[in-house]
Amino acid sequence: MKAPVRVAVTGAAGQIGYSLLFRIASGEMLGKDQPVILQLLDLPQAQTAVKGVMMELEDCAFPLLAGMVATDDPEVAFKDVQVALLVGARPRSKGMERKDLLTANAEIFTVQGAALNKVADRNVKVLVVGNPANTNAYIAMKSAPDLNPNNFTAMLRLDHNRALSQLAAKTGKAVADIEKLAVWGNHSPTMYADYRYATINGESVKDMINDHEWNRDVFLPTVGKRGAAIIEARGLSSAASAANAAIDHIRDWALGTNGKWVTMGIPSDGSYGIPKDVMFGFPVTCENGQYTIVQGLEIDEFSRSCINVTLNELEEERAGVAHLLG
Ligand code: NAX
């Protein structure tokens with residue numbers, strides 16, 4: 001039996017937590033031969049609810065669940081963790097300006113980044129799900145100067161998976177056969193889902209669809225506004241699909257993609273003209289626990305204008321929290 005991996009999940013009492021924890025404990029994220037210890041962080045007022053979730057986890061009698069900890073202290077939750085899923089965040093409340101939301105979350109992710117810096121495993125893989133995910137990940141990364149910045153990532157996988165399913169529906173093909181999709185930028189309606197290089201059984205998806213107006217006027221708005229459509233229909237924001245995307249993201253990062261492209265929000269290394277350190281969605285492949293940006297893609301005029309919109313939004317968010325990062 002392998003040694004257990006310590007996995008931290010913040011916001012453990014929330015909706016995404018409830019869809020996420022059981023799948024991690026059943027081995028869907030790190031493999032069916034990999035025991036895990038769950039280290040659950042939530043606010044003091046949510047501790048009773050976390051205990052309830054832990055009771056249900058116990059009642060599943062998962063063979064791979066080697067232990068659990070519940071706490072409201074980030075330094076306890078992150079102690080020696082090799083994977084940290086930062087899901088908990090401050091939601092936008094009535095009358096709250098975007099600026100206030102950014103500031104409230106900046107405070108949370110400054111503290112959590114510092115705690116990871118102090119107590120996490122030096123190779124910890126961090127995925128930020130809590131919104132605004134890219135900027136929160138950027139803040140955590142900047143608050144953890146002793147950790148490799150490349151260990152901090154933001155979740156764009158839900159946008160990627162949403163785009164895949166729209167393309168499968170449009171082409172009438174199986175979602176599993178679509179390869180080489182890229183989603184650029186911010187996890188927000190400005191993200192740019194780019195199927196110019198996508199293939200289905202080797203055939204070009206762009207040629208199959210051959211409809212720029214559909215791309216611009218239907219596909220991109222549908223993917224971009226999917227979160228709002230789900231709130232409208234369900235009365236609650238996406239949870240199971242978000243948890244699923246988080247599992248996909250960490251599984252692929254840890255276990256590899258066999259050369260297949262996936263989308264991760266990662267600190268830019270300057271590729272494609274994205275300024276260094278901006279936490280940006282890129283197409284990547286993963287191998288041996290490391291991700292590599294897919295290089296050499298041509299960025300045409302339409303793509304560049306879409307990428308600039310999402311980049312500008314991220315730069316504005318970054319400027320909005322710069323004063324908090326010292
Ligand atoms: P919930 O409101 O159901 O749960 C959030 C949980 O986080 C609560 O239990 C709360 O007590 C806890 N929490 C708040 N502040 C905390 C802190 N400082 N430390 C630890 N725990 C804290 O929200 P849920 O639906 O689970 O969504 C969680 C986050 O994911 C939200 O920020 C949401 O906007 C974001 N999302 C991100 C997505 C993505 O693709 N990146 C998609 C889905 C989702 O909208």
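Helix 5 and helix 11 (301-321) each contribute at least two residues to the lining of the largest cavity, in what is a predicted model. The lining of the largest pocket, with a volume of about 1500 Å³, includes R92, R98, N131 and R162, the residues at which an unreviewed UniProt entry places the feature "binding site". Salt bridges, of which the structure holds 14, are taken up after the cavity and the pockets.

**The cavity**

- The structure holds 1 cavity of 30 Å³ or more, and the volume of the largest cavity is about 60 Å³.
- The residues that line the largest cavity are N134, T135, Y138, V278, M279, L314, E315 and R318, and by class they comprise 4 nonpolar, 2 polar and 2 charged residues.

**The largest pocket**

- Of the 49 residues lining the largest pocket, which has a volume of about 1500 Å³, those closest to its centre are A89, P91, V129, G130 and N131.
- At least two lining residues of the largest pocket come from each of helix 1 (15-25), helix 4, helix 5, helix 6 (157-171), helix 8 (212-224) and helix 9 (226-234), and helix 4 gives the largest share, with 6 residues.
- By class, the lining of the largest pocket divides into 23 nonpolar, 17 polar and 9 charged residues.

**Annotated binding-site residues**

- The UniProt record, an unreviewed entry, assigns the feature "binding site" to R92, R98, N131 and R162; these residues are spread over 71 residues of sequence, and in space they are up to 25.0 Å apart between C-alpha atoms.
- R92 sits in the loop between strand 4 (83-86) and helix 4 (98-119), and, when neighbours within four places in sequence are left aside, R92 is in contact with E97, R98 and L101, so that one annotated residue, R92, touches another, R98.
- N131 belongs to the loop between strand 5 (125-128) and helix 5 (133-142), and with a relative accessibility of 38% it counts as partly exposed.
- Not counting residues up to four places away in sequence, N131 touches A89, N105, N136 and H187; A89, like N131 itself, is among the residues closest to the centre of the largest pocket.

**The second largest pocket**

- The second largest pocket holds about 320 Å³ of space and is lined by 19 residues, of which N148, N150, N151, Q290 and Y291 lie nearest its centre.
- Strand 12 and strand 14 each supply at least two residues of the lining of the second largest pocket, with the largest share, 3 residues, coming from strand 14.
- The lining of the second largest pocket divides by class into 7 nonpolar, 8 polar and 4 charged residues.

**Salt bridges**

- Side chains of opposite charge can pair when their charged atoms come close.
- D277 and K142 meet through their side chains in a salt bridge, at 2.7 Å from N to O; because D277 lies in the loop between strand 12 (262-267) and strand 13 (279-287) while K142 lies in helix 5, the pair ties together parts that are 135 residues apart in sequence.
- Within this pair, D277 counts as buried at 18% relative accessibility, whereas K142 is partly exposed, with a relative accessible area of 38%.
- D300 and R196 also form a salt bridge, their closest N and O atoms being 3.5 Å apart; D300 is in the loop between strand 14 (290-293) and helix 11, and R196 is in the loop between strand 9 (192-194) and strand 10 (199-200), so the pair ties together parts that are 104 residues apart in sequence.
- Of these two partners, D300 is partly exposed at 27% relative accessibility, whereas R196 is buried, with a relative accessible area of 18%.
- R216 forms a salt bridge with D217, in which the closest N and O atoms are 2.9 Å apart; R216 counts as partly exposed at 38% relative accessibility, and D217 likewise counts as partly exposed at 45%.
- R157, D248, R251 and D252 are joined in a network of salt bridges.

Conventions: Residues are numbered from 1 along each chain as its sequence is written. This is a predicted model: local features need pLDDT of at least 70, side-chain atom pairs count only at pLDDT 80 or more; totals for chains, interfaces and linings use all residues. Side-chain values use heavy atoms; hydrogens and water are left out. UniProt positions are given in the numbering used here, feature names are shortened, and annotations may be inferred rather than shown by experiment. On a 1 Å grid over the protein atoms alone, a cavity is a set of points where a 1.4 Å probe fits but cannot get out, and a pocket is an open set with protein on both sides within 12 Å along at least five of seven lines; lining residues have an atom within 4 Å of a point. Helices (H or I, at least four residues) and strands (E, at least two) are DSSP runs, numbered from the N terminus. Contact means heavy atoms within 4.5 Å. Buried means under 20% relative accessible area, exposed over 50%, partly exposed in between (1.4 Å probe, protein chains only). Grid points are joined across faces, edges and corners, and a volume is the space filled by probe spheres set on the points. Ala, Val, Leu, Ile, Met, Phe, Trp, Tyr, Cys and Pro count as nonpolar, Asp, Glu, Lys and Arg as charged, and the others, Gly among them, as polar. A salt bridge is a side-chain nitrogen of Lys or Arg within 4 Å of a carboxyl oxygen of Asp or Glu.
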